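Morning, everyone. Today's topic is salt bridges. Please look at the slide first.

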Amino acid sequence: MIYLRNAAAMWTALLPGSRLDERLLRVDRPGSTRVILRQPPTTQTVAEVAGMALQSRVVVEDVFTSPDAAPVFPNSRSVCMPVMDRPPGGLKAAAVPVVEVRDPDTLAAAEQVMVDGFPFPQLQPWARGQALPPRVLDLPGWRVWLAHDDDGSPAAAAYTFDDGHATGLYWLATLAQHRSRGLGRAVLSAAIAARPDQVFTLVATEAGRPLYESLGFAVVRMATWHTRPPILTA
């Protein structure tokens with residue numbers, strides 16, 4: 001699956017210590033562990049995930065289990081989100097200026113927009129470089145995008161990862177006070193315009209789905225995200 005291949009390549013590039021095998025990708029970060037299933041969950045996989053990172057929040061991305069199926073992972077709550085792909089094809093960049101981030105200070109501004117705009121509670125309060133360290137500026141395939149509002153404030157941002165076969169879009173977010181002004185659309189349009197020859201892939205929230213559909217994305221699979229809170233306290 002296009003998304004699974006892209007996500008695995010992106011996370012292992014960002015965090016080389018990530019564990020990757022034929023069954024799953026495991027990414028450990030402060031306070032949370034991310035698991036992306038690469039095969040349908042087995043009894044062994046479920047037991048392994050149940051024993052992971054007992055003092056951390058564990059999030060499992062599962063594109064194999066039907067959203068209507070019985071709970072797979074104990075002590076978890078589940079939410080479904082669409083995996084969407086867009087075929088290659090040109091797209092005119094929006095009129096809103098969007099910059100490709102090339103320096104650490106602008107990267108920090110874009111990172112804060114993503115962390116606060118999504119928002120990501122596990123990354124609050126925002127700390128510079130915790131989510132996107134400056135070295136991403138030098139990693140092959142990584143590109144970070146930032147749009148400013150009319151007053152010059154950083155307002156919408158995302159990053160993309162090109163794995164050589166497709167480009168994945170991640171963390172597209174607009175700060176609450178800047179929404180409904182076309183800034184998220186501008187960021188996505190700029191990213192697509194930069195690689196019109198490639199398939200784009202992403203996981204959408206339901207709130208973001210209409211935007212993606214309007215730009216040519218279609219749902220290819222529903223993913224179930226299982227979230228397990230910490231089991232043990234420090």
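**Salt bridges in this model**

Start with Arg-19 and Asp-21. Their side chains meet in a salt bridge, 2.6 Å from N to O. Keep in mind that this is a predicted model. Now, is each partner buried or exposed? Arg-19 has a relative accessible area of 31%, so Arg-19 counts as partly exposed. Asp-21 has 18%, and the cut-off for buried is under 20%. So Asp-21 is buried.

Next pair: Asp-149 and Arg-181. They form a salt bridge too, and the closest N and O atoms are 2.3 Å apart. Where do these two sit in the chain? Asp-149 is in the loop between strand S7 (142-148) and strand S8 (154-162). Arg-181 is in the loop between strand S9 (166-174) and helix H4 (183-194). That puts the partners 32 residues apart, so the pair links distant parts of the chain. Asp-149 is buried, with a relative accessible area of 9%. Arg-181 is partly exposed, at 48%.

Third pair: Arg-195 and Asp-197. Their side chains also meet in a salt bridge, 2.7 Å from N to O. Arg-195 is partly exposed, with a relative accessible area of 22%.

Now back to Arg-19 and Asp-21. Which residues share a network with them? Arg-23 and Glu-48 do. Salt bridges with shared partners join these four residues into one network.

Last point, the total. How many salt bridges does the structure hold? There are 15, and the three pairs I described are among them.

Notes
Residues numbered from 1 in each chain as written. Predicted model: local features only at pLDDT ≥ 70, side-chain atom pairs only at ≥ 80, totals over all residues. Heavy atoms only, no water. Buried < 20%, exposed > 50% of the residue type's maximum accessible area, 1.4 Å probe, protein only. Helix = DSSP H or I, 4+ residues; strand = E, 2+ residues; numbered from the N terminus.
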